[in-house]
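Biologist: Could you take me through this model, beginning with its basis and ending with individual residues?

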Amino acid sequence: MLASSDFAADGFTAIPALFEERDLHEIEKQVQRQLALPHDPMMNRVGNDLIPLRWNDPIVTHLLERTSALARIRAAVAAADLRWISAYISSKAGSMPALLWHQDWWCWDHAISFAPAAPQIAVLCYLCDTGRHTGALRVLPGSHRRGLPIHAELPEPHSAAAEQLAPDHPALSDQDGQVTLNLGRGDAAIVDYRLLHGTHPNRSLLRRDAVLFSFVPNWCALPKSIRAHLAMHPALPNADEWPTIAAWWQEIFPRYDGAPASLQINRVAPLRG
Ligand SMILES: O=C(O)CCC(=O)C(=O)O
């Protein structure tokens, strides 16, 4: 069953059947291929392995060339200027513990972190049916805009502490108010990058794969400093690759005309009321 929600207020929503079976089959083949190749163990976390994908990876182009799928994403989050930033395979092996509660936003020192609109979103497409025993996504509605008691207990995302949690740590446990997204094969969840989310353990013996695509919903409204940072993302086309991209397709990739510049990364949400 799909969770329905008000994206702006809750920080998440779901899109049923974002991909058709034909696409899913092709994406699955590519995911198997990628998982069989050696990949950077630094990207693995307890509860999930991540494999980064660039703009021209066939898995990514399956979504970015589907104007109808992009239109559904735009409509779901009221995106005025949707641009793709990055993508990852998120694979959860069988008999794997929960992925900890975390949020993906990386720039909490910037005032935009506290604006109502989502600065960045993750679109998570599941390649098999998921439920609370098979590694489904769980979210804490509203946690993109307000502090919850659990915020104070969470380790910094991607830190060593996040990898060494006791199995009964709150970051790995069910929380009051959580919503489990029991998504079917081909369905997608969209989460505001600031929303607390994680996964249930995968108690089955089967691997649970998903593909995560990150987008900015309103590129031209982002502050310059955020655009200058995001435009350097290694998943995006580089200067040599730009001329090879058809004009109609360039629209989905961000362009920043100023000088690229890194921002200070801060992945820890401040304690808020
Ligand atoms: O694989 C999933 O279901 C969630 C992945 C996730 O939350 C993340 O990579 O930030």
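The conversation below goes from the overall fold to the sheet, the ligand shell and two residues.

Biologist: What kind of model is this, and how are residues numbered?
Modeller: This is a predicted model, in which local features need pLDDT of at least 70 and side-chain atom pairs count only at pLDDT 80 or more, while totals for chains, interfaces and linings use all residues. Residues are numbered from 1 along each chain as its sequence is written.

Biologist: How many helices and strands does the protein chain have?
Modeller: The protein chain has six helices and ten strands. Helices (H or I, at least four residues) and strands (E, at least two) are DSSP runs, numbered from the N terminus.

Biologist: And why call the chain as compact as a globular protein of that length?
Modeller: Its radius of gyration is 18 Å, close to the 19 Å that the globule rule gives for 273 residues, so the protein chain is as compact as a globular protein of that length. The radius is taken over C-alpha atoms, and the rule is 2.2 Å times the number of residues to the power 0.38. Along the principal axes, the C-alpha atoms fill a box of roughly 50 × 45 × 35 Å.

Biologist: What share of the residues is buried?
Modeller: Of the 273 residues in the protein chain, 37% count as buried. A residue is buried if 20 or more other C-beta atoms lie within 10 Å of its own, exposed if 12 or fewer, and partly exposed in between, with C-beta atoms placed from the backbone.

Biologist: What about contacts between residues distant in sequence?
Modeller: Among contacts between residues at least 6 apart in sequence, 87% join residues at least 24 apart. Two residues are in contact if their C-beta atoms, placed from the backbone, lie within 7 Å.

Biologist: Let us turn to the sheet. In what order do the six strands run?
Modeller: The open sheet has the order β1-β8-β5-β10-β3-β2, with antiparallel pairing. Its edge strands are β1 (12-15) and β2, each of which pairs on one side only. The twist averages 25° from one strand to the next. Axes here are lines fitted to C-alpha atoms, for helices over the stretch in contact, and angles run from 0 to 180 degrees between N-to-C directions. Two strands pair if DSSP finds at least two bridges between them.

Biologist: How many bridges join β3 to β10?
Modeller: Nine bridges join those antiparallel strands, and Y88 stands opposite L212 in β10. On β2 (residues 49-53), five bridges lead to β3, again antiparallel, with D49 opposite S91 in β3. β5 (residues 121-126) pairs with β10 over six bridges, and V123 faces F213 there as its opposite residue.

Biologist: Which strands does helix α2 lie across?
Modeller: Helix α2 (residues 21-36) lies across β2, β3 and β10, and runs at about 70° to β3. As for β3, ten of its ten residues are buried.

Biologist: Why is β8 described as largely enclosed?
Modeller: Five of the five residues of β8 (residues 188-192) are buried, so the strand is largely enclosed by the rest of the structure. In a regular strand the side chains alternate between the two faces of the sheet. In β8 both faces are covered, with A188, I190 and D192 buried on one side and A189 and V191 buried on the other.

Biologist: And its partners?
Modeller: β1 and β8 pair over four antiparallel bridges, where I190 is the bridge partner of T13. β5 and β8 pair over five, also antiparallel, and C125 stands opposite A188.

Biologist: New topic: which residues are around the ligand?
Modeller: They are N48, L50, S90, K92, L99, D104, L124, L137, H197, T199, A210 and L212. A residue is near a molecule if its C-beta atom, placed from the backbone, lies within 6 Å of it. β3 (83-92), β9 (197-199) and β10 (208-216) each supply at least two residues of this shell.

Biologist: What is the make-up by class?
Modeller: The shell has six nonpolar, four polar and two charged residues. Ala, Val, Leu, Ile, Met, Phe, Trp, Tyr, Cys and Pro count as nonpolar, Asp, Glu, Lys and Arg as charged, and the others, Gly among them, as polar.

Biologist: Is K92 buried or exposed?
Modeller: K92 counts as buried, with 24 C-beta neighbours inside 10 Å. Leaving aside residues up to four places away in sequence, K92 touches G47, N48, G135, T199, N202, R207 and R208.

Biologist: And where is V179 found?
Modeller: V179 is in strand β7 (residues 179-181), and counts as partly exposed with 15 C-beta neighbours inside 10 Å.
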